[in-house]
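Open the model in your viewer and keep the selection tool ready. Each stop below says what to select and what is found there.

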Amino acid sequence: MPSLTFLGAAGTVTGSRHLLTAGEAKRVLIDAGLFQGRRELRDRNWAEWTAGRLDAVVLTHAHIDHTGYLPRLIGQGLVGRVLCTEGTRDLAALLLPDSAHLQEEDARIANERGYSKHQPALPLYTAAQAQQALGKLEAFPFDRPVEVLPGVSVTFRRAGHIVGSAFLEMTAGSTRIVFSGDLGRYGTPLLADPAGPGTADVLLLECTYGDRRHPPEPAEEQLEREVKAAIARGGPLLIPAFAVGRTQELLFLWRKLEHEARIPEVPLFVDSPMATDATPIYLRYPDEQSADVRELLARNVRPLHPRLLQFVRGGAESAKLLDRRGFFAVIAASGMATGGRILAHLERHLPRPSTTVLLVGYQAEETRGRKLADGAKELKMRGGLVQVRATIVQMSGFSAHADYSEEERWLSSLPRPPARTFLVHGEPPALEAQRARLSAKGWPVEIPAPGAHVEL
């Protein structure tokens with residue numbers, strides 16, 4: 001009888017790790033995410049949790065909260081094979097080395113400044129281990145059944161969250177299990193809509209926005225308004241954004257607003273080597289693109305290139321931006337301001353009232369982005385305190401996660417309710433709201449605790 005163990009993204013939105021144990025003790029991990037956010041969650045990254053070797057890992061998409069622990073597992077020799085989509089393979093080739101670099105850099109700075117409790121501070125894994133993990137990835141197309149292990153198969157279905165993102169239709173013996181991964185939205189500027197799920201005996205459903213709906217105002221109208229307001233304040237405009245997905249959506253809409261003369265042409269910098277490399281990947285897979293993107297490409301229009309856009313790759317070039325005068329905008333990772341080049345820009349410009357910080361994605365508990373959204377007057381950054389006098393604006397129209405109404409639309413494709421539904425990847429209010437909603441329809445619904453083990 002197959003079983004599930006909820007090793008991450010249980011009661012929280014981070015650290016996605018779900019262990020499927022099938023016949024003859026075959027062990028398949030669905031996602032190998034890094035815990036992010038508050039200290040108690042981050043500390044879990046250092047705990048031993050696999051209880052032995054994993055026969056396989058199947059990845060839903062490339063974001064670090066779903067893949068970021070993989071290099072440590074590979075470095076410890078704990079993984080047999082790793083399966084993913086082609087787009088996930090391409091993006092992981094950027095995200096995992098970058099994650100390793102950030103951890104090595106944070107450890108180096110902590111040792112230099114002496115603010116770590118550990119002597120010396122060590123990274124969770126190294127760049128060499130990230131490269132080793134990439135060498136294990138086996139990529140497969142959508143909509144084709146693949147044998148993971150004898151008796152266990154997976155079909156990757158388009159999720160519309162980022163390029164390569166999938167929900168998984170898995171079979172373990174006679175049991176059909178659907179792992180939603182991170183579900184995308186309908187009618188987005190860049191990506192095609194999510195595919196509909198088939199029959200499921202068991203469903204694991206993400207609930208990032210299980211307690212809310214996204215605002216009806218289109219994202220491009222929100223962006224137009226906030227860019228104009230930031231220009232009026234004098235600038236700069238700082239946009240912490242995921243290098244993969246959010247940055248490309250911003251570029252698409254920014255170019256559109258310029259083309260329609262709804263915002264002036266202003267200097268725009270993507271200060272992220274990873275975003276620089278990820279942007280062409282978004283144009284690589286036509287079957288995942290929205291109709292708007294395909295139409296622009298057919299007319300030889302570069303859909304992700306505002307006129308005054310500059311991609312910033314080198315560190316010296318990035319440092320020069322800190323002293324730039326006049327209005328300009330910077331898009332830089334990370335999206336929750338947990339690391340990356342955005343930190344230097346925030347350190348320099350948060351104390352200035354003329355600065356605008358535009359938060360364009362989900363901000364997990366205890367992250368710097370969440371603290372800014374909640375009105376923090378000072379922010380701890382790399383061993384010091386930074387005063388916050390900038391204007392902080394949070395927009396939800398850019399979310400790449402389905403809200404509860406969009407999840408209901410996705411669930412309507414199921415021919416019948418699953419025998420069991422487990423709610424994951426959400427904070428407690430969102431999980432409870434989704435549980436109440438589905439239970440009212442007669443669905444058997446559970447919210448697993450961290451570490452919970454259930455027989456299917």
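Start by selecting helix α8, residues 273-281, together with α7. In this predicted model, the two helices pack at an angle of about 70 degrees, and their axes are 9 Å apart. An angle of 65 to 115 degrees counts as roughly perpendicular, so α7 and α8 are roughly perpendicular to each other. In the crossing, which is right-handed, α7 passes α8. To see the contact, show the side chains of T247, Q248 and L251 in α7, then those of A275, A278 and T279 in α8. Colour this contact by class and there are 3 nonpolar residues, 3 polar and no charged.

Keep α7 selected and add α6. This pair also has an angle of about 70 degrees, with 10 Å between the axes. α6 and α7 are therefore roughly perpendicular to each other. On the α6 side, pick A219, E220, L223, E224 and V227; on the α7 side, pick L250, L253, W254, K256 and L257. The classes here are 7 nonpolar, no polar and 3 charged.

Next, stay with these helices and turn on a pocket display. The second largest pocket has a volume of about 400 Å³. Which residues lie nearest its centre? Select R185, T188, P189, E249 and G397 to find them; the full lining has 30 residues. Two elements give two or more residues to this lining: α6, residues 219-233, and α7, residues 246-259. The most comes from α7, with 3 residues. Sorted by class, the lining holds 15 nonpolar, 9 polar and 6 charged residues.

Now go to another helix pair: select residues 86-113 for α4 and residues 127-134 for α5. Their packing angle is about 160 degrees and their axes lie 8 Å apart. Angles over 145 degrees count as roughly antiparallel, so α4 and α5 are roughly antiparallel to each other. The crossing of α4 past α5 is right-handed. From α4, show A92, A93, L96, P97, A100 and E104; they meet A127, A130, Q131, A133 and L134 of α5. By class, the residues of this contact are 9 nonpolar, 1 polar and 1 charged.

The next stops are enclosed spaces. Rolling a probe the size of a water molecule over the atoms shows where empty space is left. How many cavities of 30 Å³ or more does the count give? The count comes to 2.

For the largest cavity, select H18, D31, S180, G181 and V424, the lining residues that lie nearest its centre. The whole lining has 13 residues, and the space inside is about 90 Å³. Of the lining residues, 4 are nonpolar, 7 polar and 2 charged.

For the second largest cavity, the space is about 30 Å³. Select T12, V13, T14, Q36, G37, R38, L41, A364, E365 and E427, which line this cavity. Their classes are 3 nonpolar, 4 polar and 3 charged.

The last stops concern the backbone. Most residues other than glycine have a negative phi, and most peptide bonds are trans. Three places to select depart from this pattern in the model: one has a positive phi, and two have a cis peptide bond.

Select A25 first. A25 sits in the loop between β2, residues 18-22, and β3, residues 26-30. Its phi is positive, at about 60 degrees, although A25 is not a glycine.

Then select G235 and P236. The peptide bond joining them is cis, with omega about 5 degrees. Where is P236 placed? P236 belongs to the loop between α6 and β12, the strand at residues 237-240.

Finish with A333 and S334. These two residues are joined by a cis peptide bond, and omega is about 5 degrees. S334 lies in the loop that runs between β15, residues 329-332, and α11, residues 342-349.

Terms used. Residues numbered from 1 in each chain as written. Predicted model: local features only at pLDDT ≥ 70, side-chain atom pairs only at ≥ 80, totals over all residues. Heavy atoms only, no water. Axes fitted to C-alpha atoms, helices over the stretch in contact; angles between N-to-C directions. Helix = DSSP H or I, 4+ residues; strand = E, 2+ residues; numbered from the N terminus. Parallel < 35°, antiparallel > 145°, perpendicular 65-115°, else oblique. Left-handed = near helix turned anticlockwise from the far one by under 90°. Contact = heavy atoms within 4.5 Å. Nonpolar A, V, L, I, M, F, W, Y, C, P; charged D, E, K, R; others polar. 1 Å grid on protein atoms, 1.4 Å probe; cavity = no way out; pocket = protein on both sides within 12 Å on 5 of 7 lines; lining within 4 Å. Points joined across faces, edges and corners; volume = space filled by probe spheres on them.
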